[in-house]
Amino acid sequence: DGAGGGDRPLYLGGHELTHADMTWFPTCAFMEYILPSVFGWPPSLFGVPCDVSWAPSPSRVPKGTPSDSPPSPLPRVTQWYGECCSIPAFARVRETILRHWHRMDELGQFDPIRELVKDHAGEAGECTKWSYP
């Protein structure tokens, strides 16, 4: 990952915001929603406080999802994402994306995926890893 601290670049392409940041950021906002709420990844991956108005309802979060997450396993990605979220335009994009997926989740958008993950969790010989770590 290209983000970093100190002398390291803050953005994906260096010390200035680039098209790379603008294209990866919306994808990461979607990942911020789907990975914890559907696949049980720790919310700390992105490290940005979330507004409870879009957070998935507890009944939709997979059992075993850590509520008190350990530090992010990808600290440079977390730092980059936090830096982008501090820019008002990026924060608005994030909020729009998270609210959209929350609404879609409430309508059952991810229920078939949750069922698939639940049905195949822990199968012998499974080649797909659904949760992190």
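Which residues does C85 touch, not counting residues up to four places away in sequence? I began my notes with this question, working on a predicted model.

**Entry 1: C85**

I looked up the contacts of C85 and found that C85 touches F25, V48, F90, A91 and R94, once residues up to four places away in sequence are not counted. I then placed C85 in helix α2 and checked its exposure: with a relative accessible area of 13%, C85 is buried, because that value falls under the 20% cut-off. For one of these partners, F25, I also took the backbone separation, and the C-alpha atoms of C85 and F25 are separated by 9.0 Å, although the two residues are 60 apart along the chain.

**Entry 2: the chain as a whole**

Before going further I looked up the overall make-up, and the chain holds four helices and zero strands, so that the order of elements, read from the N terminus on, is α-α-α-α. Of the 133 residues in the chain, 33% are buried. I also noted how the contacts are spread along the sequence: among those between residues at least 6 apart, 72% join residues that are at least 24 apart.

**Entry 3: helix α2**

Returning to the helix that holds C85, I listed the buried residues of α2, which spans residues 75-85, and they are V77, T78, W80, Y81, C84 and C85. Seen down the axis of α2, these buried residues fall within an arc of 165 degrees, and therefore they line one face of the helix. I then asked what covers the buried residues of α2, and the answer includes α1 (19-39) and α3 (88-106).

**Entry 4: α1 against α3**

I next looked at how α1 and α3 are arranged with respect to each other, and found that their axes come within 10 Å and cross at roughly 35 degrees, the crossing being right-handed. On the α1 side the contact is made by D21, M22, F25, P26, A29, F30, E32, Y33 and S37, while α3 contributes F90, V93, R94, I97, L98, W101, H102 and D105. Sorted by class, this contact of α1 with α3 has eleven nonpolar, two polar and four charged residues.

**Entry 5: three residues of α1**

From the α1 side of that contact I picked E32, M22 and S37 for a check one by one.

E32 sits in helix α1, and I recorded it as buried because its relative accessibility is 5%. What does the side chain of E32 make a polar contact with? The partner is the side chain of R94, at 2.6 Å, and R94 is also one of the residues that C85 touches.

M22 also has its place in helix α1, but its relative accessibility is 44%, so I entered M22 as partly exposed. Leaving aside neighbours within four places in sequence, M22 is in contact with L17 and F90. I also took the C-alpha to C-alpha separation of M22 and C84, which is 9.1 Å in space for residues 62 apart in sequence.

S37 is likewise found in helix α1, and with a relative accessible area of 1% I entered S37 as buried. A polar atom of the S37 side chain lies 2.6 Å from the backbone oxygen of Y33, and both S37 and Y33 belong to the α1 residues that make the contact with α3.

Methods:
Residues numbered from 1 in each chain as written. Predicted model: local features only at pLDDT ≥ 70, side-chain atom pairs only at ≥ 80, totals over all residues. Heavy atoms only, no water. Buried < 20%, exposed > 50% of the residue type's maximum accessible area, 1.4 Å probe, protein only. Helix = DSSP H or I, 4+ residues; strand = E, 2+ residues; numbered from the N terminus. Arc of directions from axis to C-beta. Contact = heavy atoms within 4.5 Å. Axes fitted to C-alpha atoms, helices over the stretch in contact; angles between N-to-C directions. Left-handed = near helix turned anticlockwise from the far one by under 90°. Nonpolar A, V, L, I, M, F, W, Y, C, P; charged D, E, K, R; others polar. Polar contact = N/O pair within 3.5 Å; in protein donor to acceptor, adjacent residues only side chain to side chain.
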